[in-house]
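Subject: Structure for your review

Dear colleague,

Please find below the structure that I am handing over to you. My findings follow it, beginning with the ligand.

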Amino acid sequence: MPFPIHRPRRLRRTEAVRSLVRETQLQPSNFVYPLFLVPGEGRRKEISSMPGIYQLSIDEAVKECEEAKKLGLGGVLLFGIPEHKDEEASGAYDAHGIVQDGVRAIKRAVPELLVVTDVCNCEYTSHGHCGKIVNGDVDNDATLGWLAATALSHARAGADIVAPSDMMDGRVDAIRTTLDEEGFDQTAIMAYSAKYASGFYGPFREAAECAPQFGDRRSYQMDPANSREALKEMQLDYEEGADILMVKPALAYLDIIAAAYQSFDVPIAAYQVSGEFSMIMAAVQNGWIDKDRVMMETLTSIKRAGASIIATYFAKDAARLIS
Ligand code: PBG
(Lines give C-alpha, C1' and ligand atoms only; values in the text may rest on other atoms or scores of the structure.)
Protein backbone atom coordinates (compact mmCIF):
# COMPACT_ATOMS: atom_id res chain seq x y z
CA MET A 1 0.00 0.00 0.00
CA PRO A 2 1.68 3.17 -1.15
CA PHE A 3 1.75 6.71 0.20
CA PRO A 4 -0.03 8.19 2.10
CA ILE A 5 -0.70 4.98 4.10
CA HIS A 6 3.02 4.29 4.30
CA ARG A 7 5.22 7.07 5.61
CA PRO A 8 8.68 5.66 6.44
CA ARG A 9 9.62 8.96 8.09
CA ARG A 10 7.30 8.03 11.01
CA LEU A 11 9.99 5.64 12.24
CA ARG A 12 12.74 8.25 12.00
CA ARG A 13 11.02 11.01 13.96
CA THR A 14 12.88 10.82 17.28
CA GLU A 15 15.97 9.09 18.62
CA ALA A 16 13.69 6.90 20.73
CA VAL A 17 11.90 5.47 17.73
CA ARG A 18 15.09 5.30 15.67
CA SER A 19 16.80 3.25 18.35
CA LEU A 20 13.73 0.99 18.63
CA VAL A 21 13.95 0.02 14.96
CA ARG A 22 17.75 0.04 14.58
CA GLU A 23 18.80 -3.22 12.90
CA THR A 24 22.54 -3.20 13.53
CA GLN A 25 24.13 -2.57 16.93
CA LEU A 26 27.87 -2.42 17.42
CA GLN A 27 29.37 -3.71 20.65
CA PRO A 28 32.94 -3.44 21.94
CA SER A 29 33.12 -7.24 21.81
CA ASN A 30 32.81 -7.04 18.01
CA PHE A 31 36.19 -5.36 17.76
CA VAL A 32 39.63 -6.92 17.60
CA TYR A 33 42.52 -4.50 18.10
CA PRO A 34 45.72 -5.08 16.09
CA LEU A 35 49.03 -4.55 17.92
CA PHE A 36 52.54 -4.34 16.44
CA LEU A 37 55.16 -5.82 18.74
CA VAL A 38 58.81 -4.81 18.56
CA PRO A 39 61.81 -5.94 20.62
CA GLY A 40 63.01 -3.87 23.55
CA GLU A 41 61.46 -2.20 26.54
CA GLY A 42 59.53 1.01 27.01
CA ARG A 43 59.23 1.48 23.27
CA ARG A 44 56.22 3.24 21.77
CA LYS A 45 56.87 4.54 18.29
CA GLU A 46 54.02 6.13 16.36
CA ILE A 47 53.50 4.93 12.78
CA SER A 48 53.69 8.09 10.70
CA SER A 49 50.83 7.14 8.37
CA MET A 50 48.60 5.83 11.19
CA PRO A 51 47.98 8.57 13.78
CA GLY A 52 47.53 7.09 17.27
CA ILE A 53 48.83 3.63 16.31
CA TYR A 54 52.23 2.54 17.59
CA GLN A 55 54.89 -0.10 17.36
CA LEU A 56 55.07 -1.34 20.95
CA SER A 57 57.54 -3.28 23.01
CA ILE A 58 55.93 -6.13 24.89
CA ASP A 59 55.68 -4.23 28.20
CA GLU A 60 53.85 -1.39 26.44
CA ALA A 61 51.62 -3.85 24.57
CA VAL A 62 50.61 -5.36 27.90
CA LYS A 63 49.35 -1.93 28.97
CA GLU A 64 47.28 -1.73 25.78
CA CYS A 65 45.86 -5.16 26.54
CA GLU A 66 44.84 -4.12 30.04
CA GLU A 67 42.99 -1.21 28.46
CA ALA A 68 41.48 -3.47 25.81
CA LYS A 69 40.14 -5.70 28.56
CA LYS A 70 38.66 -2.74 30.46
CA LEU A 71 36.96 -1.52 27.30
CA GLY A 72 35.45 -4.96 26.71
CA LEU A 73 37.09 -5.49 23.32
CA GLY A 74 36.66 -8.84 21.62
CA GLY A 75 40.40 -9.37 21.66
CA VAL A 76 43.75 -8.29 20.30
CA LEU A 77 45.48 -9.40 17.10
CA LEU A 78 49.27 -9.62 17.38
CA PHE A 79 51.84 -8.90 14.68
CA GLY A 80 55.56 -9.13 15.34
CA ILE A 81 58.56 -7.27 13.98
CA PRO A 82 61.60 -9.41 14.79
CA GLU A 83 65.14 -8.29 15.59
CA HIS A 84 66.47 -10.18 12.57
CA LYS A 85 64.94 -11.23 9.27
CA ASP A 86 66.31 -14.07 7.16
CA GLU A 87 65.53 -16.19 4.10
CA GLU A 88 63.89 -18.88 6.23
CA ALA A 89 61.60 -16.63 8.32
CA SER A 90 63.08 -18.30 11.39
CA GLY A 91 61.77 -15.59 13.71
CA ALA A 92 58.20 -16.58 12.81
CA TYR A 93 58.35 -20.01 14.44
CA ASP A 94 60.98 -19.34 17.10
CA ALA A 95 59.61 -20.52 20.47
CA HIS A 96 60.99 -17.26 21.89
CA GLY A 97 60.12 -15.02 18.98
CA ILE A 98 58.52 -11.65 19.50
CA VAL A 99 54.91 -12.83 19.15
CA GLN A 100 55.46 -15.96 21.26
CA ASP A 101 57.02 -13.91 24.08
CA GLY A 102 54.28 -11.32 23.65
CA VAL A 103 51.48 -13.88 23.98
CA ARG A 104 53.01 -15.29 27.16
CA ALA A 105 53.39 -11.83 28.72
CA ILE A 106 49.85 -10.81 27.79
CA LYS A 107 48.34 -14.07 29.05
CA ARG A 108 50.23 -13.65 32.34
CA ALA A 109 48.97 -10.09 32.82
CA VAL A 110 45.45 -10.29 31.34
CA PRO A 111 44.52 -13.97 31.17
CA GLU A 112 40.86 -13.36 30.22
CA LEU A 113 41.66 -11.24 27.18
CA LEU A 114 41.29 -13.15 23.92
CA VAL A 115 44.57 -13.26 22.01
CA VAL A 116 44.63 -13.81 18.25
CA THR A 117 47.96 -14.13 16.43
CA ASP A 118 48.63 -13.33 12.81
CA VAL A 119 50.36 -16.29 11.18
CA CYS A 120 52.48 -15.16 8.25
CA ASN A 121 56.09 -14.90 7.18
CA CYS A 122 56.37 -11.52 5.51
CA GLU A 123 57.47 -9.71 8.67
CA TYR A 124 60.19 -12.33 9.15
CA THR A 125 61.69 -12.85 5.70
CA SER A 126 64.56 -10.70 4.46
CA HIS A 127 62.77 -10.36 1.11
CA GLY A 128 59.41 -9.43 2.65
CA HIS A 129 57.37 -12.11 0.90
CA CYS A 130 54.91 -14.33 2.74
CA GLY A 131 56.71 -17.60 2.03
CA LYS A 132 59.76 -19.44 0.85
CA ILE A 133 61.17 -18.16 -2.47
CA VAL A 134 61.91 -20.84 -5.05
CA ASN A 135 62.76 -19.77 -8.61
CA GLY A 136 61.71 -16.20 -7.99
CA ASP A 137 58.23 -16.88 -6.61
CA VAL A 138 56.72 -17.94 -3.31
CA ASP A 139 56.61 -21.73 -3.24
CA ASN A 140 53.30 -22.89 -1.84
CA ASP A 141 54.05 -26.34 -0.45
CA ALA A 142 57.49 -25.41 0.90
CA THR A 143 55.83 -22.65 2.94
CA LEU A 144 53.19 -24.82 4.62
CA GLY A 145 55.64 -26.27 7.15
CA TRP A 146 56.69 -22.79 8.30
CA LEU A 147 53.06 -21.80 8.78
CA ALA A 148 52.18 -24.93 10.74
CA ALA A 149 55.28 -24.49 12.93
CA THR A 150 54.42 -20.84 13.53
CA ALA A 151 50.82 -21.60 14.46
CA LEU A 152 51.96 -24.38 16.80
CA SER A 153 54.47 -22.10 18.52
CA HIS A 154 51.72 -19.50 19.01
CA ALA A 155 49.36 -22.11 20.43
CA ARG A 156 52.07 -23.35 22.80
CA ALA A 157 52.58 -19.78 23.99
CA GLY A 158 48.86 -19.57 24.77
CA ALA A 159 47.17 -17.99 21.76
CA ASP A 160 43.41 -18.60 21.69
CA ILE A 161 43.05 -18.19 17.94
CA VAL A 162 45.61 -18.34 15.13
CA ALA A 163 44.94 -16.31 12.00
CA PRO A 164 46.84 -17.34 8.86
CA SER A 165 47.12 -14.37 6.48
CA ASP A 166 49.57 -15.77 3.93
CA MET A 167 47.09 -17.05 1.29
CA MET A 168 48.96 -20.31 0.60
CA ASP A 169 46.73 -23.12 -0.66
CA GLY A 170 46.18 -25.84 1.93
CA ARG A 171 47.48 -23.91 4.90
CA VAL A 172 44.39 -24.31 7.06
CA ASP A 173 44.64 -28.07 6.65
CA ALA A 174 48.37 -28.01 7.46
CA ILE A 175 47.81 -25.89 10.57
CA ARG A 176 44.76 -27.84 11.78
CA THR A 177 46.53 -31.18 11.37
CA THR A 178 49.63 -30.02 13.25
CA LEU A 179 47.67 -28.39 16.05
CA ASP A 180 45.57 -31.53 16.53
CA GLU A 181 48.57 -33.85 16.49
CA GLU A 182 50.21 -31.75 19.18
CA GLY A 183 47.17 -31.63 21.45
CA PHE A 184 45.87 -28.18 20.55
CA ASP A 185 42.49 -29.23 19.21
CA GLN A 186 40.89 -26.33 21.10
CA THR A 187 42.96 -23.64 19.40
CA ALA A 188 40.71 -22.04 16.80
CA ILE A 189 41.62 -20.91 13.30
CA MET A 190 40.42 -17.61 11.93
CA ALA A 191 41.44 -17.81 8.28
CA TYR A 192 42.05 -14.73 6.17
CA SER A 193 40.23 -16.62 3.44
CA ALA A 194 39.38 -13.88 0.99
CA LYS A 195 42.42 -11.67 1.22
CA TYR A 196 42.86 -9.39 -1.74
CA ALA A 197 46.07 -7.96 -3.22
CA SER A 198 45.16 -4.49 -2.04
CA GLY A 199 46.65 -1.04 -2.17
CA PHE A 200 45.00 -0.45 1.20
CA TYR A 201 47.80 -2.36 2.97
CA GLY A 202 50.29 0.46 2.29
CA PRO A 203 50.53 1.91 5.81
CA PHE A 204 50.69 -1.58 7.38
CA ARG A 205 53.85 -2.30 5.47
CA GLU A 206 55.46 0.65 7.26
CA ALA A 207 53.99 -0.50 10.59
CA ALA A 208 55.11 -4.11 10.21
CA GLU A 209 58.20 -3.35 8.13
CA CYS A 210 57.19 -5.98 5.58
CA ALA A 211 57.07 -4.39 2.12
CA PRO A 212 58.18 -6.97 -0.47
CA GLN A 213 61.71 -6.21 -1.70
CA PHE A 214 60.87 -7.35 -5.23
CA GLY A 215 57.66 -7.94 -7.14
CA ASP A 216 54.31 -7.91 -5.37
CA ARG A 217 51.87 -10.34 -3.73
CA ARG A 218 49.59 -10.90 -6.72
CA SER A 219 50.67 -14.50 -7.22
CA TYR A 220 49.14 -15.42 -3.85
CA GLN A 221 46.68 -12.72 -2.76
CA MET A 222 43.40 -12.41 -4.66
CA ASP A 223 42.57 -10.21 -7.62
CA PRO A 224 40.20 -7.40 -6.45
CA ALA A 225 38.05 -8.07 -9.51
CA ASN A 226 36.91 -11.51 -8.33
CA SER A 227 34.02 -12.49 -6.08
CA ARG A 228 33.19 -16.09 -7.05
CA GLU A 229 36.81 -16.96 -6.43
CA ALA A 230 36.42 -15.58 -2.90
CA LEU A 231 33.62 -18.06 -2.28
CA LYS A 232 35.86 -20.87 -3.53
CA GLU A 233 38.67 -19.74 -1.19
CA MET A 234 36.23 -19.65 1.73
CA GLN A 235 34.77 -23.03 0.82
CA LEU A 236 38.24 -24.58 0.81
CA ASP A 237 39.20 -23.03 4.14
CA TYR A 238 35.86 -24.07 5.62
CA GLU A 239 36.38 -27.65 4.48
CA GLU A 240 39.95 -27.64 5.79
CA GLY A 241 38.63 -26.70 9.24
CA ALA A 242 38.60 -22.92 9.55
CA ASP A 243 36.39 -21.89 12.49
CA ILE A 244 36.01 -18.29 11.35
CA LEU A 245 36.28 -16.94 7.79
CA MET A 246 37.71 -13.49 7.17
CA VAL A 247 37.37 -11.01 4.34
CA LYS A 248 40.07 -8.37 3.92
CA PRO A 249 40.03 -5.40 3.31
CA ALA A 250 36.52 -4.53 4.47
CA LEU A 251 34.97 -1.39 3.01
CA ALA A 252 35.77 -2.02 -0.65
CA TYR A 253 34.63 -5.65 -0.22
CA LEU A 254 31.26 -5.39 1.53
CA ASP A 255 29.72 -7.48 -1.25
CA ILE A 256 32.16 -10.27 -0.41
CA ILE A 257 31.33 -10.03 3.31
CA ALA A 258 27.62 -10.24 2.48
CA ALA A 259 28.16 -13.25 0.23
CA ALA A 260 30.26 -14.95 2.92
CA TYR A 261 27.52 -14.41 5.50
CA GLN A 262 24.90 -15.87 3.16
CA SER A 263 27.00 -18.86 2.19
CA PHE A 264 28.69 -20.15 5.36
CA ASP A 265 27.31 -20.99 8.78
CA VAL A 266 30.42 -19.88 10.66
CA PRO A 267 31.20 -16.47 12.13
CA ILE A 268 32.42 -14.01 9.52
CA ALA A 269 35.23 -11.58 10.28
CA ALA A 270 36.39 -8.57 8.33
CA TYR A 271 39.58 -6.56 8.56
CA GLN A 272 39.27 -2.79 8.26
CA VAL A 273 42.88 -2.47 7.15
CA SER A 274 45.55 0.16 7.63
CA GLY A 275 44.76 2.15 4.48
CA GLU A 276 41.08 2.34 5.38
CA PHE A 277 42.06 3.75 8.76
CA SER A 278 44.68 6.14 7.37
CA MET A 279 42.36 7.44 4.68
CA ILE A 280 39.73 8.37 7.27
CA MET A 281 42.30 9.85 9.65
CA ALA A 282 43.86 11.97 6.91
CA ALA A 283 40.48 13.49 6.08
CA VAL A 284 39.77 13.96 9.79
CA GLN A 285 43.07 15.80 10.25
CA ASN A 286 42.17 18.05 7.35
CA GLY A 287 38.86 18.87 9.02
CA TRP A 288 36.99 17.40 6.05
CA ILE A 289 34.97 14.73 7.84
CA ASP A 290 33.83 14.00 11.39
CA LYS A 291 35.90 11.19 12.87
CA ASP A 292 33.31 9.65 15.19
CA ARG A 293 30.54 9.64 12.61
CA VAL A 294 32.61 8.19 9.80
CA MET A 295 34.29 5.65 12.08
CA MET A 296 30.94 4.38 13.34
CA GLU A 297 29.35 4.51 9.89
CA THR A 298 32.07 2.36 8.36
CA LEU A 299 32.06 -0.11 11.26
CA THR A 300 28.27 -0.32 11.15
CA SER A 301 28.33 -1.00 7.42
CA ILE A 302 30.83 -3.82 7.92
CA LYS A 303 28.65 -5.43 10.58
CA ARG A 304 25.49 -4.81 8.57
CA ALA A 305 27.09 -6.64 5.63
CA GLY A 306 27.53 -9.69 7.88
CA ALA A 307 30.80 -9.50 9.81
CA SER A 308 30.33 -9.88 13.56
CA ILE A 309 34.08 -9.75 14.17
CA ILE A 310 35.89 -6.64 12.95
CA ALA A 311 39.63 -6.20 13.18
CA THR A 312 40.07 -2.43 13.30
CA TYR A 313 42.56 0.21 14.41
CA PHE A 314 39.51 2.12 15.67
CA ALA A 315 38.69 -0.61 18.22
CA LYS A 316 39.49 1.42 21.33
CA ASP A 317 37.97 4.67 20.02
CA ALA A 318 34.78 2.96 18.90
CA ALA A 319 34.41 1.04 22.17
CA ARG A 320 34.82 4.27 24.14
CA LEU A 321 32.19 5.96 22.03
CA ILE A 322 29.72 3.11 22.51
CA SER A 323 30.09 3.12 26.30
C1 PBG B 1 50.65 -9.98 6.35
C2 PBG B 1 49.52 -9.08 6.56
C3 PBG B 1 49.25 -7.86 5.91
C4 PBG B 1 48.16 -7.31 6.58
C5 PBG B 1 47.80 -8.19 7.58
N6 PBG B 1 48.63 -9.28 7.53
C7 PBG B 1 49.96 -7.14 4.84
C8 PBG B 1 50.09 -7.69 3.51
O9 PBG B 1 49.54 -8.74 3.16
O10 PBG B 1 50.81 -7.07 2.75
C11 PBG B 1 47.54 -5.97 6.29
C12 PBG B 1 46.84 -5.32 7.44
C13 PBG B 1 46.60 -3.87 7.28
O14 PBG B 1 46.83 -3.28 6.22
O15 PBG B 1 46.12 -3.28 8.25
N16 PBG B 1 50.50 -10.97 5.43
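In this predicted model, a polar side-chain atom of Gln-221 is placed 2.8 Å from an oxygen atom of the ligand. Arg-217 also approaches an oxygen atom of the ligand, with a polar side-chain atom at 2.9 Å. For Ser-165, the partner is a nitrogen atom of the ligand, which lies 3.2 Å from an N or O atom in the side chain of Ser-165. The ligand on its own would expose 400 Å², and the protein buries 100% of that area.

As to its location, the ligand occupies the largest cavity. The ligand is surrounded by 18 residues. The closest of these are Lys-195, Arg-205, Lys-248, Ser-274 and Tyr-313. Sorted by class, the shell around the ligand comprises ten nonpolar residues, three polar residues and five charged residues.

A separate point concerns two of the strands. Strand 2 covers residues 44–47 and strand 3 covers residues 50–57. The two strands pair in the antiparallel sense, over four bridges. A hairpin of two residues connects strand 2 to strand 3. Within this pairing, Arg-44 is found opposite Leu-56 of strand 3. When you inspect the strands, please bear in mind that side chains in a regular strand alternate between the two faces of the sheet.

Which side-chain atoms should you display to see the contact at 2.9 Å? Please select the polar side-chain atoms of Arg-217, one of which lies at that distance from an oxygen atom of the ligand.

Yours sincerely,
A colleague

Conventions
Residues numbered from 1 in each chain as written. Predicted model: local features only at pLDDT ≥ 70, side-chain atom pairs only at ≥ 80, totals over all residues. Heavy atoms only, no water. Near = heavy atom within 4 Å. Polar contact = N/O pair within 3.5 Å; in protein donor to acceptor, adjacent residues only side chain to side chain. Areas by Shrake-Rupley, 256 points an atom, 1.4 Å probe, with all protein chains shown as cover. 1 Å grid on protein atoms, 1.4 Å probe; cavity = no way out; pocket = protein on both sides within 12 Å on 5 of 7 lines; lining within 4 Å. Sits in = over half its atoms within 2 Å of the grid points. Nonpolar A, V, L, I, M, F, W, Y, C, P; charged D, E, K, R; others polar. Pairing = 2+ DSSP bridges.
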